[in-house]
Amino acid sequence: MNDAMSLGMHRLWKDSFVTRADPQPGFRCLDVAGGTGDIAFRIARHMSNISKDHGPVTICDINPEMLRVGRARAERDGTADQFVWVEGNAEPLDFPASSFDLYTIAYGIRNCTHIDRVLAEAHRVLKPGGRFMCLEFSEVVQPVLTSVYEKYSFDVIPVLGHLVAGDMESYQYLVESIRKFPKQEEFADMIVNAGFSVVEYENLTFGVTSIHSGYKL
């Protein structure tokens with residue numbers, strides 16, 4: 001469904017996200033709301049391309065079914081030993097302070113009830129010098145494309161959800177949650193307010209999705 005909805009672009013967005021994060025073999029990495037492993041698998045591959053000697057990537061997700069899907073994928077690929085799977089909530093993370101070098105969350109923070117708490121917890125569990133990275137749907141910044149994107153989102157995506165996944169309601173929620181999520185500048189301000197420094201964002205595909213970054217200094 002992700003391929004149909006984004007015309008395959010989500011793969012390129014996720015690749016770009018992990019390339020920008022540039023996780024190093026010595027890093028302790030935490031991927032939140034990433035139960036299916038899409039980001040964590042890319043992080044592990046990125047580190048393996050630098051050195052085969054790297055630690056496991058910790059994957060935290062509140063949904064046990066998503067974690068089962070991710071584990072099954074890793075077992076099929078023979079990479080299960082490269083990951084630690086944790087069922088948990090992003091708002092109170094069950095990890096000690098200053099535990100990780102990199103915190104990633106892709107298309108998950110939008111679904112959290114208290115975004116400010118998620119950001120505060122990200123800051124708490126990162127080591128000094130650690131980096132917060134978020135990939136999330138955003139506001140299209142090209143006015144000429146805005147109306148086209150809005151029509152596609154509200155008229156096409158829910159129908160695709162019905163035809164491909166047999167679930168129109170969930171995809172209607174998806175497009176409504178995207179519209180309600182803070183715009184790029186507003187979300188960047190929230191990251192700053194959580195204590196992060198050197199906060200910046202990069203729009204991908206005219207702002208359909210954006211990469212947000214900040215450091216714990």
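**View 1. Ser99, a buried loop residue in a predicted model.** Ser99 has 8% relative accessibility. Buried means under 20%, so Ser99 counts as buried. The residue sits in the loop between β3 and β4. Setting aside neighbours within four places in sequence, Ser99 contacts Arg28, Val125, Leu126 and Lys127.

**View 2. Crossing of helices α2 and α3.** Helix α2 covers residues 9–21, and helix α3 covers residues 38–50. Their axes come within 10 Å. The crossing angle is roughly 50°. The two helices are therefore oblique to each other. The crossing is right-handed.

**View 3. Residues where α2 meets α3.** From α2 come Arg11, Lys14, Asp15, Phe17, Val18 and Thr19. They meet Asp38, Ile39, Arg42, Ile43 and His46 of α3. By class, this contact has five charged, four nonpolar and two polar residues.

**View 4. The largest nonpolar core.** This core has 28 residues. Those with the most contacts inside it are Trp13, Phe17, Ile43, Val57, Phe83, Trp85 and Leu135. At least two residues each come from α2, α3, β2 (57–61), α4 (64–77), β3 (83–87), β4 (100–106) and β5 (126–137). Helix α3 gives the most, with six residues. Phe17 and Ile43 also take part in the contact of α2 with α3.

**View 5. Another nonpolar core, apart from the largest.** This core has 24 residues. Among them are Val32, Ile105, Ile109 and Val125. Val125 is also one of the contacts of Ser99. In soluble globular proteins, nonpolar side chains tend to be buried together.

Notes
Residues numbered from 1 in each chain as written. Predicted model: local features only at pLDDT ≥ 70, side-chain atom pairs only at ≥ 80, totals over all residues. Heavy atoms only, no water. Axes fitted to C-alpha atoms, helices over the stretch in contact; angles between N-to-C directions. Helix = DSSP H or I, 4+ residues; strand = E, 2+ residues; numbered from the N terminus. Parallel < 35°, antiparallel > 145°, perpendicular 65-115°, else oblique. Left-handed = near helix turned anticlockwise from the far one by under 90°. Contact = heavy atoms within 4.5 Å. Nonpolar A, V, L, I, M, F, W, Y, C, P; charged D, E, K, R; others polar. Core = buried A, V, L, I, M, F, W, Y, C linked by side-chain atoms within 4.5 Å. Buried < 20%, exposed > 50% of the residue type's maximum accessible area, 1.4 Å probe, protein only.
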